[in-house]
Amino acid sequence: MSRLTAAERNALPDSAFALPGRRYPIPDATHARDALARASEMLHRGDLTREEYDTIVLRAHAVLENE
């Protein structure tokens, strides 16, 4: 997984995150793929709602299509 430093993460615009609250950074294809994998895990653990999961999937796929 590609790492973001705290400074890099803080510099990202809100639009670079899949969920409100600056959750699931997806500034590039690597992070979008990771967000998809983590979201699936979190959904199955019960830590995400279906709506949150669907939002992550839609936003991540949009990033992947633009790469």
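## Exercises on a predicted model: helices, core and salt bridges

In α2, the buried residues are Ala29, His31, Ala32, Asp34, Ala35, Leu36 and Ala39. Keep that list at hand as you work through the exercises; the model is a predicted one.

**Exercise 1. Describe the length, the surroundings and the two ends of α2.**

Solution. Start with the length: α2 has 17 residues, and its first and last C-alpha atoms are 24 Å apart, close to the 24 Å expected at 1.5 Å a residue. Next, look at what lies over its buried residues: the cover includes β2 and α3. Now go to the N-terminal end, where Asp28 acts as a cap, with a side-chain oxygen 3.3 Å from the backbone nitrogen of Thr30. Finally, move just past the helix, where Gly46 takes a positive phi of about 90 degrees.

**Exercise 2. Work out which residues of α3 are buried and how they are arranged around the helix axis.**

Solution. First place the helix: α3 covers residues 50-66, and its 17 residues reach 25 Å from first C-alpha to last, close to the 24 Å expected at 1.5 Å a residue. Then pick out its buried residues, which are Tyr53, Ile56, Val57, Ala60 and Val63. Viewed down the axis of α3, these buried residues fall within an arc of 135 degrees, so they line one face of the helix. A general point helps here: an α-helix has 3.6 residues a turn, so residues three or four places apart point the same way. Turn to the face directed away from the buried side, and you meet the exposed residues Arg50, Glu51, Leu58, Glu65 and Asn66. To finish, ask what covers the buried residues of α3: the cover includes β1 (17-19), β2 (23-25) and α2 (29-45).

**Exercise 3. Find which element gives the largest share of the largest nonpolar core.**

Solution. Begin with the core itself, which has 14 residues; those with the most contacts inside it are Tyr24, Ile26, Ala39, Leu48 and Ile56. The elements that contribute two or more residues are β1, α2 and α3. Of these, α3 supplies the largest share, five residues. Now zoom in on Leu48: leaving aside neighbours within four places in sequence, its contacts are Leu19, Arg23, Tyr24, Ala39, Met42, Leu43 and Ile56.

**Exercise 4. Trace salt bridges in the model and compare the exposure of the partners.**

Solution. The total is six salt bridges, and three of them make good practice.

1. Asp14 and Arg22 join through their side chains, at 2.6 Å from N to O. Asp14 is exposed, with a relative accessible area of 56%, whereas Arg22 is partly exposed at 25%.
2. Glu52 and Arg23 pair at 3.4 Å, N to O. Glu52 lies in helix α3 and Arg23 in strand β2, so this bridge ties together parts that are 29 residues apart in sequence. Glu52 is partly exposed, with a relative accessible area of 22%, and Arg23 counts as partly exposed at 33%.
3. Arg38 bridges to Asp34, with the closest N and O atoms 3.2 Å apart. Both residues sit in helix α2, four residues apart, about one turn of the helix. Arg38 is partly exposed at 35% relative accessibility. Asp34, at 16%, counts as buried, because the cut-off for buried is under 20%. To close, follow the chain of bridges one step further: Asp34, Arg38 and Glu41 are linked in a network.

How values were computed
Residues numbered from 1 in each chain as written. Predicted model: local features only at pLDDT ≥ 70, side-chain atom pairs only at ≥ 80, totals over all residues. Heavy atoms only, no water. Expected span 1.5 Å × (residues − 1). Buried < 20%, exposed > 50% of the residue type's maximum accessible area, 1.4 Å probe, protein only. Arc of directions from axis to C-beta. Contact = heavy atoms within 4.5 Å. Core = buried A, V, L, I, M, F, W, Y, C linked by side-chain atoms within 4.5 Å. Salt bridge = Lys/Arg side-chain N within 4 Å of Asp/Glu carboxyl O. Polar contact = N/O pair within 3.5 Å; in protein donor to acceptor, adjacent residues only side chain to side chain.
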